[in-house]
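Colleague: Please take me through one part of this model in detail. I would like to see the ligand site, then its surroundings in the chain.

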Amino acid sequence: MKLILLGPPGAGKGTQAKRIERDYGLVQLSTGDMLRAAVAAGTEVGRQAGEVMAAGRLVPDEIVVSIIGERIVLPDCAKGFILDGFPRTVAQAESLDRLLAEKERRIDRVIEIAVDVAALVERISGRFSCTRCGAAYHDRFNRPQVEGVCDVCGGAEFTRRQDDNADTVAARLKAYREETAPLLPYYAARGVLRSVDGMADIDEVTRQLRSAIDGSGDN
Ligand code: AMP
């Protein structure tokens, strides 16, 4: 199963991808996580991407396509993967199609997590994650069961993303509207696009996602 989760920043792609990863044994591939790791490690890619990310703009297609191209051929992706935050432009989607076609593969499902844009700034500005395992939380909507302790791994350190601030969020939403939203008709035309209600509570979104996934064939 090769799955893409589409939706603006704050839609819940990362949170839901982690749940699907766990339930279906697929690997979550988040280009945002990979780029943040490159920035933290001070690699050449990190140096090129850091400033662009801090401004809320999109990193050049060739950088992210090359990261994904190297990643999807690794053995842990053999059973399938969930793309979270990639593709983000039609050019990236076309490159992904070419990469998969080389292996006679294609995307099975693209699921849009549809949200009300007005809710996104609040969602994004309250979020944080476990430094150790990456589990996602939110100040209002999804706090750890025991204050200060990660539900998943018991870690006690949490991180907030640098680009989760009101100024950068506006630029990220603009990038979504102008560059990523055209992917919806791109995948709808192929009959692989489904949509779930991203304004429902987290468990309900997972339930809808599972039924969108279970309704699909594999290749
Ligand atoms: P995310 O964690 O998916 O919200 O991504 C954080 C930031 O990383 C974005 O605002 C972009 O600057 C960059 N980024 C992540 N994925 C991509 C992508 N597929 N194409 C271009 N830029 C990306």
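Modeller: What follows starts at the ligand and then moves outward.

The model is predicted. Begin with the shell. Around the ligand there are 16 residues, and those that come nearest are Thr-31, Arg-36, Arg-57, Gly-85 and Gln-92. Sorted by class, this shell holds 6 nonpolar, 4 polar and 6 charged residues. Helix 2, residues 31-41, supplies the largest share of the shell, with 4 residues.

Now the polar contacts. Arg-36 uses its side chain: one of its polar atoms there lies 3.0 Å from a ligand oxygen. Arg-57 uses its backbone instead, where a polar atom is 2.5 Å from an oxygen atom of the ligand. Gly-85 also offers a polar backbone atom, but its partner is a nitrogen atom of the ligand, at 2.9 Å. How much of the ligand does the protein bury? Alone, the ligand exposes 480 Å², and 97% of that is buried by the protein.

Next, the backbone. The peptide bond from Phe-86 to Pro-87 is cis, and its omega is near -5°. Pro-87 sits in the loop that links strand 3 (81-84) to helix 5 (90-101). Most peptide bonds are trans, and most residues other than glycine have a negative phi. Glu-104 goes against the phi rule: it is not a glycine, yet its phi is positive, at about 55°. Its place is the loop between helix 5 and strand 4 (109-114).

There is also a pocket to look at. The second largest pocket has a volume of about 410 Å³. Its lining counts 16 residues, and Lys-18, Arg-22, Ala-135, Ala-136 and Val-152 are the closest to its centre. Two elements give two or more residues to this lining: helix 1 (13-24) and strand 6 (136-138). Helix 1 gives the most, with 6 residues. By class, the lining of this pocket divides into 6 nonpolar, 4 polar and 6 charged residues.

Last, the whole chain. The protein chain has 9 helices and 8 strands. Its C-alpha trace spans about 45 × 40 × 35 Å along the principal axes. Why call the chain's radius of gyration that of a compact globule? A compact globule with 219 residues would have a radius of gyration near 17 Å, and the protein chain has 17 Å, so the two agree.

Note on methods. Residues are numbered from 1 along each chain as its sequence is written. This is a predicted model: local features need pLDDT of at least 70, side-chain atom pairs count only at pLDDT 80 or more; totals for chains, interfaces and linings use all residues. Side-chain values use heavy atoms; hydrogens and water are left out. On a 1 Å grid over the protein atoms alone, a cavity is a set of points where a 1.4 Å probe fits but cannot get out, and a pocket is an open set with protein on both sides within 12 Å along at least five of seven lines; lining residues have an atom within 4 Å of a point. Grid points are joined across faces, edges and corners, and a volume is the space filled by probe spheres set on the points. Ala, Val, Leu, Ile, Met, Phe, Trp, Tyr, Cys and Pro count as nonpolar, Asp, Glu, Lys and Arg as charged, and the others, Gly among them, as polar. A residue is near a molecule or strand if one of its heavy atoms lies within 4 Å of it. A polar contact is a pair of N or O atoms within 3.5 Å; within protein, one must be able to donate a hydrogen and the other to accept it, and residues adjacent in sequence count only if both atoms are side-chain atoms. Accessible areas come from the Shrake-Rupley method with a 1.4 Å probe; for residues, only the protein chains shown count as cover. The radius of gyration is taken over C-alpha atoms; the globule rule is 2.2 Å times the number of residues to the power 0.38.
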